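Colleague: I'm new to this one, so could you walk me slowly through a single part of it? I'd like to start with the enclosed space inside and what surrounds it.

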Amino acid sequence: MKAIDLLGGMTAETFLQDYWHKKPLLIRGALTDVGAPVDLTWLTELSRSEDVESRLIEFKQGKWSLERGPFRPGRLRRLPESDWTILVQNVNHHLPHIADILWRFDFMPYARLDDLMISYAPPGGTVGPHFDSYDVFLLQVGGRKHWQISSQQDEAFIEDAPIKVLKDFRMEEEFVLEHGDMLYLPPRYAHYGVALEPGMTYSIGFRAPSAQELATEFLVYLQDRICIDGRYADPELRPPQEPARLDDSMVEQVGRILSQISWDRHTVTDFLGHYLTEPKPHVFYEAPEEALDEDEFAAVVAATGVELDLKTLILYADDMLYCNGEALPVLRDDVAAWQQLANRRRMSPQQLSPSMMPLLLEGYHAGWWQPAGEN
């Protein structure tokens with residue numbers, strides 16, 4: 001069992017057994033080297049983009065306000081010196097060194113990792129006491145932030161507020177996080193952070209779809225894949241005494257038709273592969289501006305290898321691989337190399353084989369990956 005610096009020297013096994021989904025964990029000095037700083041100027045530039053999710057939360061005169069991006073430059077220049085927070089989702093899609101931080105959490109399945117959100121706040125900036133429905137790691141980057149946490153069961157929110165702020169927050173523990181400190185919180189654990197100095201919180205969030213969402217998406221998946229023979233028929237039909245009544249025989253026949261819908265473990269696995277790698281609606285892939293031709297691409301990757309685009313996710317089950325919502329038609333002899341690409345997000349030249357080139361070239365033209373070193 002390997003000690004993990006991000007967990008303060010704890011092993012992944014210990015963390016998962018004692019803390020995951022169970023109780024908070026404060027880790028001092030978890031990650032102090034975060035690479036080039038993401039300053040407010042860069043964040044605000046990103047928040048002006050159409051393909052980026054961003055929010056601005058203010059608390060003024062006892063009331064909460066919420067605005068969603070993209071923001072005009074003039075709007076952000078008018079912000080006061082305190083009491084606001086700007087939040088930008090999926091920063092890992094736009095900066096390689098931020099993506100590297102997210103993928104350092106590989107002691108968790110990639111199927112559970114969601115994104116790395118960055119929030120910036122001047123003194124007094126906060127989003128209020130709230131809870132998340134998923135696990136989260138909160139990494140302090142620059143400045144100091146005062147956190148209060150609570151295991152309370154009272155989840156009533158302030159009425160008419162545009163964000164979910166707890167009406168009656170009852171603090172049980174409190175900490176001041178400085179640069180590099182990190183706080184893990186299990187789902188639905190109330191927390192309240194207020195910036196003491198200008199700084200950022202890197203929030204590493206995890207996917208936790210609701211049962212309703214999973215059921216809905218699974219039914220959408222099935223509608224394109226089921227094929228049931230036959231057609232409704234009633235050759236023994238008799239004149240009804242009550243023509244508006246749904247006849248029992250119709251209900252029973254339709255019930256028999258619908259009972260033909262079935263699924264097995266393979267169906268569920270295939271659904272999850274498509275669903276969990278499906279890009280969010282605002283995510284788009286950019287084809288290379290001056291794409292290499294087949295021979296040029298083969299020569300370059302033979303020297304450098306291949307790395308995934310920052311927005312790309314590959315998951316696999318046995319010999320089935322899924323990328324960005326699609327199944328990859330991978331040859332059996334190449335499965336191990338593709339699985340390595342999924343796990344490490346890059347593939348060395350030594351792992352490449354001629355049989356992989358057609359699919360690699362297709363994905364390169366789609367913007368899903370590129371020769372290593374181009375990110």
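Which residues line the largest cavity?

Modeller: Before we dive in, this is a predicted model, where local features need pLDDT of at least 70, side-chain atom pairs count only at pLDDT 80 or more, and totals for chains, interfaces and linings use all residues. Residues are numbered from 1 along each chain as its sequence is written, and side-chain values use heavy atoms, with hydrogens and water left out.

Now the lining: going along the chain, you meet Ser 119, Tyr 120 and Ala 121, then Gln 140, Arg 144 and Lys 145, and finally Ala 195, Glu 197, Pro 198, Gly 199, Met 200 and Thr 201. A cavity here is a set of points on a 1 Å grid over the protein atoms alone where a 1.4 Å probe fits but cannot get out, and a lining residue has an atom within 4 Å of such a point. There is one cavity of 30 Å³ or more. The largest cavity holds about 50 Å³ of space, counted as the space filled by probe spheres set on grid points joined across faces, edges and corners.

Two elements each give two or more residues to that lining: β7 (113-121) and β13 (199-206). Strands are DSSP runs of E, at least two residues long, numbered from the N terminus. As for chemistry, the lining divides into five nonpolar, four polar and three charged residues. The charged ones are Arg 144, Lys 145 and Glu 197, while Tyr 120, Ala 121, Ala 195, Pro 198 and Met 200 are nonpolar. Ser 119, Gln 140, Gly 199 and Thr 201 make up the polar group, since Gly is put there too.

Now follow two of those lining residues, Lys 145 and Ala 195, out into a neighbouring stretch of the fold. Lys 145 stands opposite Ala 195, which is in β12. Strand β9 (residues 145-150) runs antiparallel to β12, and six bridges join them; at least two bridges are needed for strands to pair. Both belong to an open sheet of three strands, ordered β10-β9-β12 with antiparallel pairing. At its edges sit β10 (173-177) and β12 (190-195), each pairing on one side only. From one strand to the next, the twist averages 20°, with axes fitted to C-alpha atoms and angles running from 0 to 180 degrees between N-to-C directions.

Key. On a 1 Å grid over the protein atoms alone, a cavity is a set of points where a 1.4 Å probe fits but cannot get out, and a pocket is an open set with protein on both sides within 12 Å along at least five of seven lines; lining residues have an atom within 4 Å of a point. Helices (H or I, at least four residues) and strands (E, at least two) are DSSP runs, numbered from the N terminus.
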